[in-house]
Amino acid sequence: MLHNMIFKTVSKYVALASVFVVTGCGPAAKVPDKSQQATVSGKVTIDGTKTLPVDTSIVFACPEKNATVSGKIDALGTYSIQSTDKTVGIPAGRYKIMIRPAEPPAAAMGSDAYKAGMMQGGMTTQAAKPKSDIPDKFQALDTSTISIEVKPGPNTIDLDLSKL
């Protein structure tokens with residue numbers, strides 16, 4: 001009789017545990033509403049004609065939607081921003097924009113700069129950043145004055161940094 005009671009109790013717990021395994025413990029992942037998603041592309045210049053160096057980063061941040069996306073500016077000064085999931089896009093909303101120069105490359109292994117760094121105990125310092133044409137205020141989200149409304153669907157946003 002005791003064996004039977006233990007068996008029934010254990011069976012109830014096993015059945016309850018299997019319900020949690022099958023249904024999961026939390027809510028299902030929220031699927032973004034595709035009608036409220038966007039893509040952004042455009043061109044970044046200085047004085048309307050001068051393009052920025054290749055691999056300059058452009059970052060869009062929307063705190064209200066908890067979204068941050070970035071892209072690289074190419075040799076023509078153009079960029080394209082999209083979600084990592086190419087089928088969805090980025091959430092529409094008000095984005096603050098930051099534009100940062102490309103990081104200088106690390107010293108090549110075996111080069112004189114690399115050897116000098118190793119002789120000093122390791123490459124603890126990065127090469128000096130070259131002078132950038134990008135105004136300092138645009139190089140950080142907390143100081144950037146560029147704020148853009150991104151609407152659902154495709155958006156073309158051209159930026160002339162000398163006019164902002």
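Start with the aromatic rings: the structure holds two aromatic pairs. One is F60 with Y79, so select those two residues; their rings are tilted because the 40° between their planes falls neither under 30 degrees nor over 60. The centres of F60 and Y79 lie 6.1 Å apart. This is a predicted model, so keep that in mind at every stop.

Now colour by strand. F60 sits in strand β3, and Y79 sits in strand β5, residues 78-81. The F60–Y79 pair links distant parts of the chain, with the two positions 19 residues apart. Are F60 and Y79 buried or exposed? Both are buried. Add Y95 to the selection: F60, Y79 and Y95 form one aromatic cluster.

**Zoom out: the whole chain**

Show the cartoon. The chain has two helices and 10 strands. Follow the chain along its sequence and the pattern reads α-β-β-β-β-β-β-β-α-β-β-β. Among contacts with a separation of 6 or more, 68% are between residues 24 or more positions apart.

Switch on the surface. The accessible surface of the chain comes to about 11300 Å². Carbon and sulfur atoms hold 61% of that surface. Of the 164 residues in the chain, 29% are buried.

**The four-stranded sheet**

Select β4, β3, β7 and β8. They make an open sheet of four strands in the order β4-β3-β7-β8, and the pairing is antiparallel. Which strands stand at the edges? They are β4 (67-73) and β8 (146-150). Each has a single partner strand, so one side of each is left without a neighbour in the sheet. From one strand to the next, the twist averages 30°.

Strands of a sheet pair through backbone hydrogen bonds, so switch to a backbone view for the next stops.

**β3 against β7**

Select residues 56-62, which are strand β3. Five bridges join β3 to β7, and the two run antiparallel. For one position to check, pick S57: R100 in β7 stands opposite.

**β7 against β8**

Move to β7, residues 93-100. Five bridges join β7 to β8, again antiparallel. Step through three of the partners:

- Y95 has I148 of β8 as its bridge partner.
- K96 has S147 of β8 as its bridge partner.
- I97 has I146 of β8 as its bridge partner.

Y95 also belongs to the aromatic cluster with F60 and Y79.

**The two faces of β8**

Stay on β8 and show side chains. In a regular strand the side chains alternate between the two faces of the sheet. Which residues of β8 make up the covered face? They are I146, I148 and V150. The uncovered face has S147 and E149.

**Last stop: S144**

Step back along the sequence to S144. S144 is found in the loop between α2 (112-119) and β8. Why does S144 count as buried? Its relative accessibility is 3%, and buried means under 20%, so S144 qualifies.

Now show what surrounds S144. Leaving out residues up to four places away in sequence, S144 touches K96, I97, K137 and F138. K96 and I97 are familiar from the β7 stop: their bridge partners in β8 are S147 for K96 and I146 for I97.

Technical notes: Residues numbered from 1 in each chain as written. Predicted model: local features only at pLDDT ≥ 70, side-chain atom pairs only at ≥ 80, totals over all residues. Heavy atoms only, no water. Pairing = 2+ DSSP bridges. Axes fitted to C-alpha atoms, helices over the stretch in contact; angles between N-to-C directions. Buried < 20%, exposed > 50% of the residue type's maximum accessible area, 1.4 Å probe, protein only. Contact = heavy atoms within 4.5 Å. Areas by Shrake-Rupley, 256 points an atom, 1.4 Å probe, with all protein chains shown as cover. Phe/Tyr/Trp six-rings, centres within 6.5 Å; stacked < 30°, edge-to-face > 60°.
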